[in-house]
Amino acid sequence: MISQLGWEMLQVKGAKTRLVLLYNAIHQLIAVERHLYLIPVTLPTCQFHSQTFRQISTRMNYHNYSFYPRTIQQWISLPASIAEALSIEEYKAGLSTHAIP
């Protein structure tokens, strides 16, 4: 029924919302202390895009599924064409066509 209506699954919609919020934090469109959690990866690799951040490792599930650890992991999996978008509209358009796991 959900596919007939053209609705997204709740998990996918939540993931896209978190990714848009992270994009806003990265580009300083919202006031958050991003330097505490968003630590850029200093070694460039060909498998990641230029906006890659260090993953936050944790042993506790309550922290593992919180905003930053969960969303950074999804952010790293984005293609460079989406993660390096120059505007929020371009980012949202790319995100709407990308399959979120």
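Colleague: What pattern does the protein follow, read along the sequence?

Modeller: This is a predicted model, where local features need pLDDT of at least 70, side-chain atom pairs count only at pLDDT 80 or more, and totals for chains, interfaces and linings use all residues. Residues are numbered from 1 along each chain as its sequence is written, and side-chain values use heavy atoms, with hydrogens and water left out. Helices (DSSP runs of H or I, at least four residues) and strands (E, at least two) are numbered from the N terminus; the protein has six helices and zero strands. Its pattern is therefore α-α-α-α-α-α.

Colleague: Thanks! Which radius of gyration does the protein have, and why does it agree with a compact globule?

Modeller: The radius is taken over C-alpha atoms, and the globule rule is 2.2 Å times the number of residues to the power 0.38. For 101 residues, that puts a compact globule near 13 Å, and the protein agrees with this because its value is 14 Å.

Colleague: Is threonine 71 buried or exposed?

Modeller: Threonine 71 belongs to helix α4, residues 67-76. Buried means under 20% relative accessible area, exposed over 50%, and partly exposed in between (1.4 Å probe, protein chains only). Because its relative accessible area is 0%, threonine 71 is buried.

Colleague: Leaving aside its neighbours within four places in sequence, which residues is threonine 71 in contact with?

Modeller: Contact here means heavy atoms within 4.5 Å. A polar atom of the threonine 71 side chain also lies 2.6 Å from the backbone oxygen of phenylalanine 67, but that residue is four places away in helix α4. Beyond those neighbours, threonine 71 is in contact with Arg18, Leu19 and Leu22.

Colleague: Good to know. Which elements are among those that cover the buried residues of α4?

Modeller: Helix α4 is mostly covered, with seven of its ten residues buried. These are Tyr68, Pro69, Thr71, Ile72, Gln74, Trp75 and Ile76. Their cover includes α2 (10-26), α3 (61-64), α5 (80-83) and α6 (88-97).

Colleague: And where does glutamine 28 lie?

Modeller: Glutamine 28 counts as exposed because its relative accessibility is 56%. Its phi is near 55°, a positive value in a residue other than glycine. Most residues other than glycine have a negative phi. As for its place, glutamine 28 lies in the loop between α2 and α3.

How values were computed:
Polar contact = N/O pair within 3.5 Å; in protein donor to acceptor, adjacent residues only side chain to side chain.
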